[in-house]
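Reader: I'm new to reading protein models. Could we go through this one together, one question at a time?

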Amino acid sequence: MIRGIGASDGIAMGKAFMIPTWEWDFPEKMVDVTDLAYEFERLYDGIRSSKDELKLIKQEIHEVVGQEESNIFDAHLAILEDPIFMNEIQGIIERQYKAAEVAVKEVIDKFVGMFDLIDDEYMKERALDIKDVGNRLLKHLLGDMEENVPPTDYPYILVAKELTPSQLAHLDPPKVLGLVTMVGGTHSHVAIMARAMSVPLIIGLEGKLLRPIQNGDFLIIDGQEGTLYINPDEATIERYKARKNNWLEFKESLQELSNVPPITMDNKMISLHANINSFKEIDQVVRNGASGVGLFRTEYLYMDRDSLPSEDEQFEVYKHAAAKLNGLPIVIRTLDIGGDKKLDYMPMAKEDNPFLGYRAIRISLGRKDLFKTQLKAILRASVFGYVRIMYPMITTLNEVKEANAVLEEAKQELSDLGYDYDSNIEVGITIEVPAAALIADVLASEVNFLSIGTNDLVQYVLAVDRMNENIAHMYDPFHPAIIRLLKHIIDAGKRVGVPVGVCGELAGDIRALPIWLGLGFEELSISIQTLLHVKHRLLSSNYANCKKLVESILVCKTSQEIHNLLNDADQVF
Ligand code: PEP
Ligand code: MG
C-alpha cells in the first residue's frame with residue numbers, strides 16, 4: 001500500500017493507463033543495428049515537428065502578447081539547431097543503440113544537470129529552456145502527451161506525473177475510473193474537476209513508488225484515505241469491493257434528501273447552490289435539489305475544442321442551462337483562464353508565477369473582443385431564465401468599472417441588432433484576491449452580489465500555492481487570518497446591503513459549515529457531489545449554537561484551536 005493525498009473521494013479499481021512525460025523513466029529499449037536509420041528518421045521527424053510548433057507559437061505570442069515575449073522561442077529553436085546538443089543525441093543512438101527518446105532524455109538530463117550546478121540565475125533559466133525544449137521533442141517522439149489517446153476498449157485508472165484541466169476535459173468520463181498523479185494540490189482545478197466528475201483522485205505520490213506503474217497494472221485507489229494498491233492480493237480486492245458498495249449505498253441514501261428544504265433545526269434557511277464546470281452537469285443540479293447554480297465555470301466550454309467558441313455556440317449552452325433551471329438562478333462566471341487553466345489553441349507566454357500573472361478578468365480586459373463575445377452570449381441567454389454574470393479575480397474598482405463598461409457596450413450592440421436581453425441583468429464579482437476582500441464594501445458599490453472564491457483566497461492570503469503538494473499541509477483554510485477575513489467580507493456586504501455568498505470548495509467542506517452559519521452566510525455554492533452531504537449536516541445543525549461557536553472561533557490564535565473547537569462542537573450539532 002502506498003499513501004498519497006486523497007483529492008477526490010471514492011474507490012476505484014481497474015487497469016492503469018499511463019500518460020508518459022519527460023520525467024518518467026523510459027524502458028532502456030535497444031535498437032537493432034538494421035533499424036538505426038529508422039531511429040534517426042524518427043529523431044529528425046520529431047525535431048521538424050517541434051520546430052514547426054515553436055514557430056507557430058512564436059508567431060501567435062507575437063500577435064497576442066508582443067515581440068519581447070515571443071523572442072524566448074528563438075532560444076528554444078536555437079537549442080534544436082545546436083550542433084553540440086544534436087551530436088550528443090546522435091552519438092548515443094549510433095554508438096549505444098539506444099532509442100531516440102532515451103538518447104534525448106539522457107542529453108537533456110546531462111545539460112540540465114550541468115547548468116543547474118552553476119549558481120547563476122541566467123544559467124538556471126537556460127536549464128529550464130532546455131527542459132522545455134526536451135519536453136516538446138519527447139512529446140513528438142512518444143506521441144503527443146496532451147492528446148495521448150487512452151484505451152477505448154476498457155475503462156482505466158489514469159496515471160500521470162501531472163494532469164492539466166484541458167487534458168482532463170478531453171477524456172471520456174465514463175471510461176475514467178480514477179486518477180493518480182504524482183504532483184498537484186487538493187485545490188487545483190484538476191482536483192475540483194475530478195470531484196465534480198465523481199472520479200476518485202490521489203495526488204502526491206512523487207518519490208513514493210518503488211517502481212513506476214506500468215500500463216495494465218491492476219490498481220485500487222481510495223480517494224478518501226489517499227491510498228494506492230498496485231496489483232493487490234484477492235483479499236484486498238474483496239475488502240475494497242465491500243467498502244465501495246458501502247460508499248455507494250451511503251451516496252444513494254443521501255439522494256432522499258434532494259427535495260428536503262435546506263433548513264437548520266432552528267429554522268434558518270440556507271440556499272445551497274451548485275458549482276458546475278459543464279452544461280452536462282445541469283441535470284444533476286436539478287436532481288440534487290440545488291437552489292440554483294452559484295458558479296458556472298465557463299472556461300471548460302473553451303477547453304474541449306480546437307478554437308474559441310463563437311457567440312452563437314456559447315449562447316446555445318447558456319440558454320439551455322438557464323432554461324433547464326426553470327427560473328432558478330444561474331451565475332455564469334466569465335472566462336477564468338490562466339493559472340493552471342490553459343487553452344491549447346491560445347498560447348500564452350510562460351510565466352514564473354502564473355497564479356499571480358495574466359489570469360481571469362485580466363485576460364478578459366486585455367482581450368475585450370473575447371470578453372464582449374462572451375457577455376453578448378450570456379445577455380442573449382438571459383431571456384430564457386434567471387441569469388446572473390460574475391467576473392473572476394477582481395482586484396481593483398477600476399477593473400469592475402471597466403468590465404461593466406464592456407457589458408454596456410455589449411448591451412448596446414445587441415440592442416442595435418434587435419436582440420432581447422435582460423437589461424437589468426445582475427452582476428457580481430468573486431472575492432478571491434486579498435485586496436478585493438479588504439475593499440469589499442467599495443467594490444460592492446458597483447455590483448449586485450459578491451461571491452467568495454476561497455480556493456484562491458486561501459492560497460493568496462497564506463502564500464501557499466494551491467497546486468503544490470509539498471506544502472499541501474500548509475493550505476489551511478482554518479487559519480485564523482482566513483476566518484477573520486471572511487468575517488470582514490460578510491460584514492462589509494451586510495453594511496452596504498449587498499449579498500455575499502461563497503463558491504470556493506470550502507463552502508462544501510462539512511467541517512466549515514458551522515463557521516458559515518455562525519458568520520451569517522446564507523448562500524453557499526458547492527460542487528454537486530458534496531451538496532447533499534452538506535445538506536445532511538445542515539439539517540441537524542443549530543444556527544443559534546453556530547453563532548455562539550463562531551464568537552469563540554474568532555478569538556482563536558491558531559487553526560489547531562479552531563479545529564479543537566469544531567471537533568468539540570461536533571456533538572452539539
Ligand atoms: C475559487 O478560487 O474559490 C473559485 C471558485 O474559483 P476557481 O476554483 O475556479 O479558481
Ligand atoms: Mg478562483
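Reader: In what order do the strands of the open sheet come?
Author: Happy to help, and keep in mind that this is a predicted model. The open sheet is formed by 8 strands, and their pairing is mixed. Read across the sheet, the order is 1-8-7-3-4-5-6-2.

Reader: Which strands stand at the edges?
Author: Look for strands that have a single partner strand each, so that one side is left without a neighbour in the sheet. These are strand 1 (2–3) and strand 2 (5–8).

Reader: How many bridges join strand 7 to strand 8?
Author: Strand 7 covers residues 218–222 and strand 8 covers residues 227–230. Leu219 stands opposite Ile230 in strand 8. The two strands run antiparallel, and the number of bridges joining them is 4.

Reader: Which strands does helix 9 touch?
Author: Let's start with helix 8 (residues 189–196), which packs on the sheet against strand 2, strand 5 (176–181) and strand 6 (201–203). Helix 9 (residues 234–254) also packs on the sheet, and its direction makes about 115° with that of strand 3. The strands that helix 9 touches are strand 3 (11–19), strand 7 and strand 8.

Reader: Is Arg466 buried or exposed?
Author: Arg466 sits in the loop between helix 18 (454–462) and helix 19. Its contacts beyond four places in sequence include Gly185, Phe355, Asn455 and Tyr475. The cut-off for buried is under 20% relative accessible area. Arg466 has 2% relative accessibility, so it counts as buried.

Reader: Which side chain makes a polar contact with the side chain of Arg466?
Author: Among the residues in contact with Arg466 are Ser188, His189 and Ile192. The polar contact between side chains is at 3.1 Å, and the partner is His189.

Reader: Which residues touch the most other members of the largest nonpolar core?
Author: In soluble globular proteins, nonpolar side chains tend to be buried together. Here the largest nonpolar core has 96 residues. Helix 19 (residues 480–496) gives the largest share of this core, 7 residues. The residues that touch the most other members are Ile330 and Tyr391.

Reader: How many residues are in the second, separate core?
Author: Among the members of this second core are Ile57, Leu80, Ile89 and Ile108. In total, the second core has 32 residues.

Reader: How far apart do the C-alpha centres of domain 1 and domain 3 lie?
Author: The domain assignment gives domain 1 (21–142), domain 2 (156–253) and domain 3 (262–572). Between the C-alpha centres of domain 1 and domain 3, the distance is 41 Å.

Terms used
Residues numbered from 1 in each chain as written. Chains lettered and ligands numbered in written order. Predicted model: local features only at pLDDT ≥ 70, side-chain atom pairs only at ≥ 80, totals over all residues. Heavy atoms only, no water. Core = buried A, V, L, I, M, F, W, Y, C linked by side-chain atoms within 4.5 Å. Buried < 20%, exposed > 50% of the residue type's maximum accessible area, 1.4 Å probe, protein only. Polar contact = N/O pair within 3.5 Å; in protein donor to acceptor, adjacent residues only side chain to side chain. Contact = heavy atoms within 4.5 Å. Domains from an automatic or database assignment. Pairing = 2+ DSSP bridges. Axes fitted to C-alpha atoms, helices over the stretch in contact; angles between N-to-C directions.
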